[in-house]
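Colleague: I'm new to reading models like this one, and I'd love a close look at one part of it. Could you take me through the smaller chain and the place where the two chains meet?

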Amino acid sequence: MILAVLFANSEGNILVERFNGVPAEERLHWRSFLVKLGADNLKGVKNEELLVASHKSVYIVYTVLGDVSIFVVGKDEYDELALAEVIFAITSAVKDACGKIPTERLFLDKYGKICLCLDEIVWKGLLENTEKDRIRRLVRLKPPNEF
Amino acid sequence: MAQPLVKKDDDRDDEAEYSPFLGIEKGAVLQEARVFNDPQLDPRRCSQVITKLLYLLNQGETFTKIEATEVFFAVTKLFQSRDIGLRRMVYLMIKELSPSADEVIIVTSSLMKDMTSKTDMYRANAIRVLCRITDGTLLTQIERYLKQAIVDKNPVVASAALVSGIHLLETTPEIVKRWSNEVQEAVQSRAALVQFHALALLHQIRQNDRLAVSKLVTSLTRGTVRSPLAQCLLIRYTTQVIREAATTQTGDRPFYDFLESCLRHKAEMVIFEAARAITELNGVTNRELTPAITVLQLFLSSSKPVLRFAAVRTLNKVAMTHPMAVTNCNIDMESLISDQNRSIATLAITTLLKTGNESSVDRLMKQITNFMSDIADEFKIVVVEAIRSLCLKFPLKYRSLMNFLSNILREEGGFEYKKAIVDSIVILIRDIPDAKENGLLHLCEFIEDCEFTYLSTQILHFLGTEGPKTSDPSKYIRYIYNRVHLENATVRAAAVSTLAKFGAMVDALKPRVFVLLRRCLYDGDDEVRDRATLYLNTVGSDGEVIETDKVVKDFLFGSLDIPLANIETSLKNYEPAEQPFDINSVPKEVKTQPLAEKKAPGKKPAGLGAPPSGPPSTVDAYEKLLSSIPEFSDFGKLFKSSAPVELTEAETEYAVNVVKHIFDRHVVFQYNCTNTIPEQLLENVTVIVDASEAEEFAEVASKPLRSLPYDSPGQIFGAFEKPEGVPAVGKFSNMLRFIVKEVDPTTGDVEDDGVEDEYQLEDLEVVAADYVMKVGVSNFRNAWESIGPDFERVDEYGLGPRESLAEAVSAVISLLGMQPCEGTEVVANNSRSHTCLLSGVFIGNVKVLVRLQFGIDGPKEVAMKLAVRSEDDNVSDMIHEIVASG
C-alpha cells in the first residue's frame, strides 16, 4: 500500500497531501515527520536525487524538484524500490505538466493538471500508471499511444 | 538558533502576490462553485473552480455534510458539458467528494452511460469512479460491463477494471471472485500493465488455494512476463510456493533456478527482488546465497541511493543469520560509512559490526568515532546496541569498546541515547568480569555531570550492588557522596542508600560511611533524612568495624521478589487498621493479559500501532472476592488464579468462562456467567460438575447463583479438595442447570412460572502449569548460581516434528506456565538452535528455574535439553514429569 504522497514547498508548507489507509489522527504526525525529514536532509540535494529512510516497517522515498519537495510513503510490497518507481513516475509527470522543473508558482499554476496526473499514477494506494507519455494522454482522456 | 530577520526581496513578494491560491477561502470558493449551475457552462472557468476545490481538499480542509452535498450536486450538472478536459476534472472531483449512498444515485445514470460509451477513455474513467462510490447492489447491475472491460482491447479500460477489482475484493469478494476466468485471460495480455494488474488480482482471488497459486506460478515462470513490476510479483508468489512446498519436500529446492535466473534480468528492480527472495529462503545454504550476495554487493556501489539502501538493508538482515556469507562485501560496506545518506551509513556500520572479526574491531571503532558526531540519536542508539553485541562476542576487545562507550557518554545526547549507552555498559560489566572496575569508574564519572535523574539513580543503585565487591571499594565513595551535595532530592536519597550499602557490605568502610550518613540527617528533604536515619539505626554497631547482621542486610538490600505493580495495588487497597501491612499477603504472580480479545473478533489495531492498554488488576480482586465467601474462608492463602478459560463459543445464548483458583489443599472454580437473551431471566443457576476423570479431587462446596438477569454477569463457585502440595491434574465436565422465566423486554415484567433447563458447557482441565506461578527474576544467571546445583535435574527430550523452532519453544513455555526471562521467549528467524530461560514458583513456595536448549534439524525434528534447578528435588523431578507427560 502507498500510504501517502505529499508535496511541500521549500518552507515546509503542504501543497498536496493524499493519504491512503492512514487514520485521520495519525496524519498530522506523518505530515510533520515528513516535513522535518525534508528540512533535515534535502538541503543541497540535486533535483530528483532520491533519498530514502525507513520508520518502523514503513519506507519513505523523497526528493526535491525545483521549489517542491516530494515524499512518498509505503509499506509491505511498496518498499524502497517500488516507491522509487512511484516517485519517478510522479516527478516525470510533474515536469511534463509544468514544462520544466517547477517553481512553486508554476506548480500552483498547473495544480489542476498535477492533481489529474496523481490520480492516474496512484489510485487508492496502488500504483496504476508509470509512463509520462501515457499519463499525459490519459489526463486529456486520450487513449495511450501503444493502443 | 534564532534566524536573523531577512527582508523579503522583491521577486519573492511578486511571486507570492501572484500565487493563484493566495488568500483562498473555502466560503468564497463554494460561492464560485455556483457557476456549475449556469445554463451556459464555461468549461475553463469550471475547471479553475474545481482546481481550487481540489487545492482546499489537498490542504486537509474538510467540507461539512451540507457543503459537500451542494458541491456534489453542482458538479453532477457538469456532465452536460462535452468539454473533455472538464469531464476529466469532474471524474476526479466526484471521487474526491466520495458522496454518500443516497447521493450516488444522482450520478450513476450519467456514469453508466459513460461506461458503455464508445469513447474508450470515458469507459475507463467511469469504471474507476463507479467502483469507488458504488455499493454491492449497484455492483451486481454493472458486473456484466466490468467483466467485459477486463478483457477490453484498450489496456487502459482493462487496467481500470482490474484495479477496481483489487479494491472491490475487500468489500464484495464474492462478486469479484466470479471474474476469475476473465482475469485469467487478462494475465496473458500483451499489454505490460494489464498483465501486472491481472496477476495481482488473480493472486488475491486465489491466495487461499495453494494448488491454484502453485499452478499459476508454474505456468508463468515458464511463459513470458512483460513488465518488471509483474516479474517482481511473480518472484514474491514463487517464494510463497517455495515456503509452503519446503515443508513437504526435501532435496532440491523447487523454483530456485527461476529465482537465480532473475538475478540476470535487465531491470534492477527484478534483480533485487530475486536476491532478497533468495536471502529470505528458509534454511538457505551458502551455495544458494552466493549469487544473491554477489549482485547485492554490486548494488552497494551503485550511484542510486535507493539501490544502495536496499542492498545494505538486505545484507544487514543476512548478517544476522549468515555473517560469514556477507564478509566479502565488507570493503564496499566500509566505504558506505561516509555515505551522505545517514540511514545507509548506519546500516553499513551495524552490518560491519556483525560481520567483522576480532582483528578489525579497532579499525572499525576509529571509523565509527568520526561518524557518530553527525548522525541523529535514533541512529546512534542502533550503533550502540550493535557495539554491545560485538563486545559480548569478542570479550577480549572490551577495553577499546568500553572506551568508545565512555567517550560517547560524555558527548551531547538525549535521554534515550544516554540510557542505551548506560544499559550497554551495565550489561558488559555484568557479563565480562574484567571490564567491571573500568566500567564502574566510567559510570561514576558520568554521574558527576548527568542531567537525567532516572539515569543517576539507576547508576547509584548499580554501584551499590557491584561497587562493594571490587578490590578497592573506597574509591567510589567520593563520587557517591558528591551527589548528596550537588543533586536534587531523588538522587540524594538514592546516594544515601548506596552509601549505606557500602557501609553494610564492607566492614572496613563502615565507620567512615557512618560519618557521611550522619551529615545527611540535616538534609532539607524528608526522604533523604528518613533513609539516613533508618540506615544509621539498622546497619548497626554504631559505626564500628563489625559485620552487619545478615537479616538486616536482607531486609535493607535483599532483592524484592514481588512485582512492584502488585505491591503498589496492595498498598493502595490497604486500609489503616490495627493490623500492620503484611508484605507476605502481596501476590507474587506476574499479571497476565486476560482473554479480552476473544469478545471482539476481527477488531484489529488501526494504523501504525497504538500501544495496548495495560491489564486491569485482577489478582487482588479475586483474593477479596474469595475471602468474602464464608465457605472458602478456611482454605488458607490463595496461591494462584488462572486466566479465564472460555467454556462457551463466542456469541452463544449464555457466555460462561471459568477462573481456576489454586490453594494448598483446594481448588475453586469460579464460573463467570452472562445471560445474553433479553427475553429470559435465569434463576437457581448451578454448574453440575462431573469429576469422574479427576480422581484425586473431591467436591466439598458449591455456591449457586439465585438469579441471572439479562446482560448482568454473575458468578457460581465450586470447590474441590485435593491432596496437599501435590500437583493433581484432571478433567471436569460441566453442565449449566437453571430455571428459565420469560421476560417482556419492553416492560421488564417476569412470568411467574419457569421451566427447568440445562446447557452443556465445554470441559475444563486442571493441568500441571496451574501449580506454577509466573515469577520473573531480574538476573537469571545470578539466580541460577545462587540456587546451586544440589537439586539440578537434566534430561533430553525429542519433541518430534514441529512447524518451527518458535512454535516448539512457545509450546513448552505454555506447558510449564513459567515466566520467560531476559526476552528469551523470542526466537530469531531462521535460527537452528535456541536457549530459553524460565523462572517461577511452584506450589508450596518453591523457587524453580528452568534452562531449555532447543535444536532443530532438517526435517523439522526438534530436540530439547531441559535443566531444572529448584530448592526441592521433588519439584525438579515434577517439572521433568510435566514435560515427559505433556
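Modeller: Here is a walk through chain A, then its contact with chain B, then a quick look at how far to trust what you see.

Keep in mind from the start that this is a predicted model. Let's get the layout of chain A first. It has 147 residues, and 51% of them count as buried. Its secondary structure comes to five helices and seven strands. If you walk along from the N terminus, the elements come in the order β-β-α-β-β-β-α-α-α-β-β-α. Of the contacts in chain A between residues at least 6 apart in sequence, 46% join residues at least 24 apart.

Start with the opening hairpin. Strand β1 of chain A, residues 2-8, is joined to β2(A) by five bridges, and the two strands run antiparallel. To see the pairing on your screen, find A4(A): it stands opposite F19(A) in β2(A). Five residues sit between the two strands, and in this hairpin G12(A) takes a positive phi near 90°.

Now look inside. The largest nonpolar core holds 216 residues, and the two that touch the most other members are V61(A) and V86(A). Helix α2 of chain A, residues 80-98, gives the most to this core, with 11 residues. In general, nonpolar side chains in soluble globular proteins tend to be buried together.

Which residues does V61(A) touch, leaving out those up to four places away in sequence? In chain A, the list is L50(A), V52(A), V72(A), E80(A), L83(A), A84(A) and I87(A). From the other chain, V61(A) touches V306(B). There is also another core that lies apart from the largest one; it has 67 residues, including F635(B), L838(B), V850(B) and V868(B).

Helix α5 of chain A is a good one to study slowly. Its buried residues are K132(A), R134(A), I135(A), L138(A) and V139(A). Look down the axis of α5(A) and these buried residues fall within an arc of 155°, so they line one face of the helix. What do the buried residues of α5(A) pack against? In chain A they pack against α2 and α4, and in chain B against α5 (84-97) and α9 (155-171). Just after α5(A) comes L141(A), which takes a positive phi of about 60°.

That brings us to where the chains meet. Here 39 residues of chain A are in contact with 42 residues of chain B. On the side of chain A that touches chain B, the elements giving two or more residues are β2 (14-19), β3 (51-55), α2, α3 (104-109), α4 (111-121) and α5 (132-139). The largest share comes from α4(A), with five residues. Sort that side of chain A by class and you get 23 nonpolar, three polar and 13 charged residues.

What about the partner? Chain B has 886 residues, and buried residues make up 36% of them. Its secondary structure comes to 37 helices and 17 strands. For contacts in chain B between residues at least 6 apart in sequence, 63% join residues at least 24 apart.

For one small example in chain B, find L30(B) in helix α2, residues 26-32. Is L30(B) buried, exposed or partly exposed? It has 18 other C-beta atoms within 10 Å, so it is partly exposed. Leaving out residues up to four places away in sequence, L30(B) touches E67(B) and V71(B). L30(B) and E67(B) are 37 residues apart in sequence, yet their C-alpha atoms are 7.8 Å apart in space.

Last, how far can you trust the picture? Chain A averages a pLDDT of 89, with 99% of its residues scoring at least 70. Within chain A, confidence is lowest in β3(A), at a mean of 85, and highest in strand β5, residues 68-75, at 95. For chain B the mean pLDDT is 83, and 92% of its residues reach 70 or more. Chain B's lowest confidence is in helix α1, residues 10-18, at a mean of 49, and its highest is in helix α16, residues 268-279, at 93.

Two stretches of chain B call for care. Over residues 1-17 pLDDT stays under 50, and the model has four contacts beyond four places in sequence for them. Residues 592-617 also stay under 50, with 22 such contacts. Where pLDDT is low, the predicted coordinates should not be read in detail. As for the model's overall scores, ipTM is 0.87 and pTM is 0.61.

Notes
Residues numbered from 1 in each chain as written. Chains lettered and ligands numbered in written order. Predicted model: local features only at pLDDT ≥ 70, side-chain atom pairs only at ≥ 80, totals over all residues. Core = buried A, V, L, I, M, F, W, Y, C linked by C-beta atoms within 7 Å. Buried ≥ 20, exposed ≤ 12 C-beta atoms within 10 Å, placed from the backbone. Helix = DSSP H or I, 4+ residues; strand = E, 2+ residues; numbered from the N terminus. Contact = placed C-beta atoms within 7 Å. Nonpolar A, V, L, I, M, F, W, Y, C, P; charged D, E, K, R; others polar. Pairing = 2+ DSSP bridges. pLDDT = per-residue confidence, 0-100. Arc of directions from axis to C-beta.
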